[in-house]
Structure formats: structure tokens, C-alpha cells
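Subject: Handover of a structure

Dear colleague,

I am passing on the structure we spoke about, together with my notes on what was found in it. Please look through the sequence and the coordinates first, and then read on.

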Amino acid sequence: MTDRPKPKWWRLYAIVPVMIGLLLLEAQWRLSSWEHKLAQLGIVLFALALVVLWSLSNLYALVIEDSADDSLSVHPLPITPVRRLDCPKHDAVQNPLTFLPSSDAERRN
């Protein structure tokens, strides 16, 4: 019996408090304004990298979890055959009229 792998959601949820803690810690440092912005950018990029690493490490489990859900399966509607309509309108669409130029028509270039 094989158990399906499950994504470790707690690791993803733990990223938010870690990022908030780092931002609060960064606010206590004595830095100039551009250094604060640079540190904040680094913290946000670090959190983004953690999210990417989490998604890559749980990719297989996410795909298996998604394919196991039967409610996501699509059941197409049955295709009904198209029958040819035998009517003058249908024939006019299939064979459009062509008009030849009259003998007194001028050629314009």
C-alpha cells in the first residue's frame, strides 16, 4: 500500500511570521533610509525565494493532490452530428453568386 505524498503546508505558512519578524527586527536597526529600503527588499526577496523553494520541493505532492480530486475532471458534452440543411439559403451560402462586369464598365487603376 502506497501513501500519496502530501504538501507540507505548515512550512509555507511559517514563511509569513518569519518575514514579519525580520521586518520588525530590521526596523530596530539604525540605518539610513536607503539602507532600510535595501534591507526590506532583501527580506522580501528572501521570503519569495523561500516560497519558490517550497513550491519546487512540494511540486510532486501538489500535482498528485490535484489529479486525485475527481471534481476537477471535465466531462465534455456529447457531440451531435451536423446534418446538411436542404434549403435555398444554405445553397446560396455554399455557392455565392458571381457577377461578371458589364460591357460598358470602365477599368480603373
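Against which element do the buried residues of α1 pack? They pack against α2, and much of what follows concerns this pair of helices. Please keep in mind throughout that this is a predicted model.

**The chain as a whole**

The protein chain contains four helices and zero strands, so that no strand needs to be looked for, and its elements run α-α-α-α from the N terminus on. Of its 109 residues, 11% count as buried, while the area that the chain exposes comes to about 10400 Å², of which carbon and sulfur atoms supply 65%. If one takes the contacts between residues at least 6 apart in sequence, 68% of them join residues that are at least 24 apart.

**The two helices**

Helix α1 covers residues 9–28, which makes 20 residues, and the distance from its first C-alpha to its last is 30 Å, close to the 28 Å expected at 1.5 Å a residue. Helix α2 covers residues 33–57; with 25 residues, α2 reaches 36 Å between its first and last C-alpha, close to the expected 36 Å.

The buried residues of α1 are Leu-12, Ile-15 and Glu-26, and in α2 the residues His-36, Ala-39, Ile-43, Ala-47 and Trp-54 are buried.

**Where α1 and α2 meet**

Ile-15, which is found in helix α1, counts as buried because its relative accessibility is 10%, and the cut-off for buried is under 20%. Leaving out residues up to four places away in sequence, Ile-15 touches Ala-47, Leu-50 and Val-51. The C-alpha atoms of Ile-15 and Phe-46 are separated by 9.7 Å, although these residues are 31 residues apart along the chain.

A second link of this kind involves Ser-55, whose place is in helix α2 and which counts as partly exposed at 29% relative accessibility. Ser-55 and Leu-12 are 43 residues apart in sequence, yet their C-alpha atoms are 8.6 Å apart in space.

His-36, also found in helix α2, counts as buried at 18% relative accessibility. When its neighbours within four places in sequence are set aside, His-36 is in contact with Glu-26, Ala-27, Trp-29 and Leu-31; of these, Glu-26 is one of the buried residues of α1.

**The aromatic residues**

How many aromatic pairs does the structure hold? There are two. One of them is formed by Trp-9 and Tyr-13, which are stacked, with 6.4 Å from centre to centre and 25° between the planes. These two residues are four apart in helix α1, and they are therefore separated by about one helical turn. As a general point, an α-helix has 3.6 residues a turn, so residues three or four places apart point the same way. Trp-9 is partly exposed, with a relative accessible area of 34%, whereas Tyr-13 is exposed, with a relative accessible area of 57%.

The other pair joins Trp-9 to Trp-54 and is tilted, with 5.2 Å from centre to centre and 45° between the planes. Because Trp-9 lies in helix α1 and Trp-54 in helix α2, this pair ties together parts that are 45 residues apart in sequence. Trp-54 counts as buried, at 9% relative accessibility. Through these ring pairs Trp-9, Tyr-13 and Trp-54 are linked into a cluster.

**A nonpolar patch on the surface**

Which residues form a nonpolar patch on the surface? The patch consists of Trp-34, Leu-38, Leu-41, Leu-45, Leu-48, Val-52 and Leu-56, and together these have about 750 Å² of accessible area. Val-52, which lies in helix α2, is partly exposed, with a relative accessible area of 41%.

**In short**

If you want a place to begin in the viewer, I would suggest the buried residues of α1, which pack against α2, followed by the cluster of Trp-9, Tyr-13 and Trp-54, and then the nonpolar patch that includes Val-52.

With best wishes

Terms used:
Residues are numbered from 1 along each chain as its sequence is written. This is a predicted model: local features need pLDDT of at least 70, side-chain atom pairs count only at pLDDT 80 or more; totals for chains, interfaces and linings use all residues. Side-chain values use heavy atoms; hydrogens and water are left out. Buried means under 20% relative accessible area, exposed over 50%, partly exposed in between (1.4 Å probe, protein chains only). Contact means heavy atoms within 4.5 Å. Accessible areas come from the Shrake-Rupley method with a 1.4 Å probe; for residues, only the protein chains shown count as cover. Patches are made of residues with over 30% relative accessible area and no salt bridge: like charges are joined within 9 Å, nonpolar side chains (Val, Leu, Ile, Met, Phe, Trp, Tyr) within 5 Å. A salt bridge is a side-chain nitrogen of Lys or Arg within 4 Å of a carboxyl oxygen of Asp or Glu. The expected span of a helix is 1.5 Å times one less than its number of residues. Rings of Phe, Tyr and Trp (its six-membered ring) pair if their centres lie within 6.5 Å; planes under 30 degrees apart count as stacked, over 60 as edge-to-face and the rest as tilted.
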